[in-house]
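Work through the exercises below with the model open. Try each task before you read its solution.

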Amino acid sequence: TFNGNWKVDRNDNYEKFMEQMGINMVKRKLAAHDNLKITIEQNGDSFHVKESSNFRTVEIDFTLGVTFDYSLADGTELSGSWKLEGDVLTGTFNRKDNGKQLITTRIVQGDELIQSYNYEGVDAKRIFKRA
Ligand code: MYR
């Protein structure tokens, strides 16, 4: 289950991913140590996610298969949806500014939540532990 409080423990290739996203070096340095925490509450097909970091606190509601809008901390706007296949949540989003696709997945493995990201050929991961 995805439910619970998670805090980021480590990143894998996240700086390269952010660079591919077009985020400048100063922001990348800050974002690599953003102390991201997410709280996930799943009720059937409905999810409530509370995201808090050094940058902001936001709450997001979405339903599997239903398109919604989401803004990154730097203001980049995305639109897309999550689906659940087996134990894997897969989010398919498009940037509103350039139409390019960002794919992200979440999976719980042991006591960790692993979120992967793909944008324009660059893969990254952020690994969370229960908070
Ligand atoms: C949620 O479920 O937490 C809300 C929807 C998340 C949408 C996709 C998140 C992609 C985040 C990419 C971070 C990029 C930083 C350059």
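**Exercise 1: the strand 9 and strand 10 hairpin**

Strand 9 (residues 112-119) pairs with strand 10 in the antiparallel sense over eight bridges. Strands here are DSSP runs of E with at least two residues, helices are runs of H or I with at least four, and both are numbered from the N terminus. Two strands pair if DSSP finds at least two bridges between them. The model is predicted: local features need pLDDT of at least 70, side-chain atom pairs count only at pLDDT 80 or more, and totals for chains, interfaces and linings use all residues. Residues are numbered from 1 along each chain as its sequence is written, and side-chain values use heavy atoms, with hydrogens and water left out.

Task: Which residue of strand 10 stands opposite Glu112, and how many residues lie between strand 9 and strand 10 in the hairpin?

Solution:
- Start at Glu112. Its opposite residue in strand 10 is Lys129.
- Go to the turn. Two residues separate strand 9 from strand 10 in this hairpin.
- Check the backbone there. Glu120 in the turn has a positive phi of about 50°.

**Exercise 2: the partners of strand 1**

Task: Find how strand 1 pairs with strand 10 and with strand 2.

Solution:
- Take strand 10 (residues 122-130). Six bridges join it to strand 1 (residues 4-12), and the two run antiparallel.
- Place the pairs. Trp6 has Arg130 as its bridge partner, and Arg10 has Ile127.
- Turn to strand 2 (residues 37-43). It pairs with strand 1 over four bridges, in the antiparallel sense.
- Place Gly4. It stands opposite Ile40 in strand 2.

**Exercise 3: strands 3 and 4**

Task: Describe the pairing of strand 3 with strand 4.

Solution:
- Count bridges. Strand 3 (residues 46-52) and strand 4 have seven, in the antiparallel sense.
- Look between them. Four residues link the two strands in a hairpin.
- Locate Glu51. Val58 of strand 4 stands opposite.

**Exercise 4: the ligand shell**

Task: Which residues come nearest to the ligand, and which elements give two or more residues to its shell?

Solution:
- List the neighbours. Of the 15 residues around the ligand (a heavy atom within 4 Å), Tyr14, Ile23, Phe62, Trp82 and Arg106 come nearest.
- Find the polar approaches. An N or O atom in the Arg106 side chain is 2.7 Å from a ligand oxygen atom. A polar side-chain atom of Trp82 lies 3.1 Å from an oxygen atom of the ligand.
- Assign elements. Helix 1 (14-20), strand 4 (57-63), strand 5 (68-71) and strand 8 (101-109) each give two or more residues. Helix 1 gives the most, with three.

Key. Polar contact = N/O pair within 3.5 Å; in protein donor to acceptor, adjacent residues only side chain to side chain.
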